[in-house]
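Please work through the exercises below with the sequence and the structure at hand. Attempt each task before reading its solution.

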Amino acid sequence: MACALDPDLQSLENDDEAWETDLELIRALTREEKQAEEDRAFAARLAGIAVDPIPENTRRMAMLADNYDETVKRRVIVNKTTTELTSKPKTCAVCMEPVSKTDPRVPCGHAYCVGCLRELFLSSMQDETLMPPRCCRQEIPIHLAELNSKERKDFNAKNLEYSTTDRLYCSQPTCSTFIPATFIVDKIGTCPNLKCQMKTCAICKGVSHDDLECPRDEATTAVLAVAKQEGWTRCYRCRAVVELTQGCYHMTCRCRAEFCYLCSTAWKNCSCVQWDETRLLEEARVRTARIAHIEIHRNNERRNLEQYVTQMADELRNNHDCRHTAGWVYTSGGGRCEECRYYLPRYLFRCRRCHLMACNRCRHNRL
């Protein structure tokens, strides 16, 4: 008896076959790029020229992960019976190299080699958007990263800093150490750096005024005046000023706080409209343009481009808070990641649902 495959499952198998075809080539290109960088650095040293190497975390960020690095589950429906077939060994979600049974598995099920997981934790101390370290929106326990005692101490301190609302930093420009709440008494913070210990006003963030009344913070007032004039808003948690350039009014700050752009209230705790119609149509055109015309014609043979834009706009109205749970499609040709703005010359990943274009690190560890 003939059986019909679900179109989505057929698409998944087609993507899988394309991935198998390209994987070895991608690995070879990655090795070539790394070797070329090492050769360039060696030649520069011989010539006595100081050249900053490409940071390893930046290089790794451009590497492809195996989009099906978990044990792939293909469901073939025969007489309403589902048969699960397994394939592919586990590979690291970052460097694509095979991992052993002793390498860490994070809560979402992805596998990481120890080096890549350590690198993620170390990178999160320099990049707030990676804190806390997570994969597929699930936080990764610190013990999996195998940090040494100093790294663990530094990580915990940075995690405390990034999770603090309305942060206070030492007013001494040459210090600027974060001042935890335990070092703030009566609105005066004392720098925890034993070589500094400068006192800072927690109200205006300037040098402590002792018994004098805190003067108006003219610099902050000027910035807020410009923000009001331009229609910008502030994160309710970390007080950072943000500007909406595209999309709906759902904002996600670098501190991971989600809030309404119109009133700065925590998201879905206000009665504001959730999008501007003009911006929504602009976003629909942007996202439609990410889909190759051949794909549009294949899926919508009798529809023109504007009709597809209208359909995309309707999808955005109903699903403007995409969580990217529908999976990602490997897209050749390169481009700029919309999250970290890093440019990848050869490829990006496209969300199957909202068509956001992202690099490998962002799709795993930021989104």
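The exercises that follow concern a predicted model.

**Exercise 1. A salt bridge between two helices**

Task: Determine which residue forms a salt bridge with Glu151, and state which elements the pair ties together.

Solution. Step 1: The partner of Glu151 is Arg118, and the closest N and O atoms of the two are 2.4 Å apart. A salt bridge requires a distance within 4 Å, so the pair qualifies.
Step 2: Glu151 belongs to helix 4 and Arg118 to helix 3, so the contact ties together parts that are 33 residues apart in sequence.
Step 3: A residue counts as buried under 20% relative accessible area. Glu151 has 15% and is therefore buried, whereas Arg118 has 24% and is therefore partly exposed.

**Exercise 2. A salt bridge between two loops**

Task: Locate Glu128 and Arg167, and decide whether they are buried or exposed.

Solution. Step 1: Glu128 and Arg167 form a salt bridge in which the closest N and O atoms are 2.5 Å apart.
Step 2: Glu128 is found in the loop between helix 3 and strand 3 (134–135), and Arg167 in the loop between helix 4 and strand 5 (184–185); the pair therefore ties together parts that are 39 residues apart in sequence.
Step 3: Both Glu128 and Arg167 are buried.

**Exercise 3. A salt bridge within one helix**

Task: Explain what separates Glu161 and Lys158 along helix 4.

Solution. Step 1: The side chains of Glu161 and Lys158 meet in a salt bridge with an N to O distance of 3.1 Å.
Step 2: Because the two residues are 3 residues apart in helix 4, about one helical turn separates Glu161 from Lys158.
Step 3: With a relative accessible area of 8%, Glu161 is buried; Lys158, with 25%, is partly exposed.
Step 4: To place these pairs in context, the structure holds 8 salt bridges.

**Exercise 4. The nonpolar core**

Task: Identify the helix that gives the largest share of the largest nonpolar core.

Solution. Step 1: This core has 24 residues, and those touching the most other members are Cys92, Val106, Tyr112, Cys116, Leu117, Phe121 and Ile140.
Step 2: Two elements give two or more residues to the core, namely helix 3 (114–124) and helix 4 (149–162).
Step 3: The largest share, 4 residues, comes from helix 3.

**Exercise 5. A nonpolar patch on the surface**

Task: Name the residues of the nonpolar surface patch and find the element with the largest share.

Solution. Step 1: Val223, Leu224, Val226, Trp232 and Val241 make a patch of about 360 Å².
Step 2: Helix 5 (residues 218–230) supplies the largest share, 3 residues.
Step 3: Val226 lies in helix 5. A patch residue needs over 30% relative accessible area; Val226 has 39% and is partly exposed.

**Exercise 6. Aromatic rings and a charge**

Task: State which residues form an aromatic cluster, and which residue lies over the face of Phe349.

Solution. Step 1: A search of the whole structure finds 4 aromatic pairs.
Step 2: Tyr330, Tyr347 and Phe349 form one aromatic cluster.
Step 3: Over the face of Phe349 lies Arg363, at 3.8 Å from the ring centre.

**Exercise 7. Backbone features in loops**

Task: Find where the cis peptide bond lies, and describe the positive phi values of Arg137 and Lys205.

Solution. Step 1: The cis peptide bond joins Met131 and Pro132, with omega about -5°. Pro132 is placed in the loop between helix 3 and strand 3.
Step 2: Arg137 is not a glycine, yet its phi is positive, at about 70°. Arg137 sits in the loop between strand 3 and strand 4 (138–139) and is partly exposed at 38% relative accessibility.
Step 3: Lys205, which is not a glycine, also has a positive phi of about 70°. Lys205 sits in the loop between strand 7 (199–201) and helix 5 and is partly exposed, with a relative accessible area of 31%.

**Exercise 8. Distance along the chain and in space**

Task: Give the separation of the C-alpha atoms of Arg237 and Ser264.

Solution. Step 1: Arg237 lies in the loop between strand 8 (233–234) and strand 9 (241–242).
Step 2: Arg237 has a relative accessible area of 27% and is partly exposed.
Step 3: Arg237 and Ser264 are 27 residues apart along the chain, and their C-alpha atoms are separated by 9.4 Å.

Note on methods: Residues are numbered from 1 along each chain as its sequence is written. This is a predicted model: local features need pLDDT of at least 70, side-chain atom pairs count only at pLDDT 80 or more; totals for chains, interfaces and linings use all residues. Side-chain values use heavy atoms; hydrogens and water are left out. Rings of Phe, Tyr and Trp (its six-membered ring) pair if their centres lie within 6.5 Å; planes under 30 degrees apart count as stacked, over 60 as edge-to-face and the rest as tilted. A charge sits over a ring if NZ of Lys or CZ of Arg is within 6 Å of the ring centre and within 35 degrees of the ring normal. Patches are made of residues with over 30% relative accessible area and no salt bridge: like charges are joined within 9 Å, nonpolar side chains (Val, Leu, Ile, Met, Phe, Trp, Tyr) within 5 Å. Accessible areas come from the Shrake-Rupley method with a 1.4 Å probe; for residues, only the protein chains shown count as cover. Buried means under 20% relative accessible area, exposed over 50%, partly exposed in between (1.4 Å probe, protein chains only). A nonpolar core is a set of buried Ala, Val, Leu, Ile, Met, Phe, Trp, Tyr and Cys residues joined through side-chain atoms within 4.5 Å.
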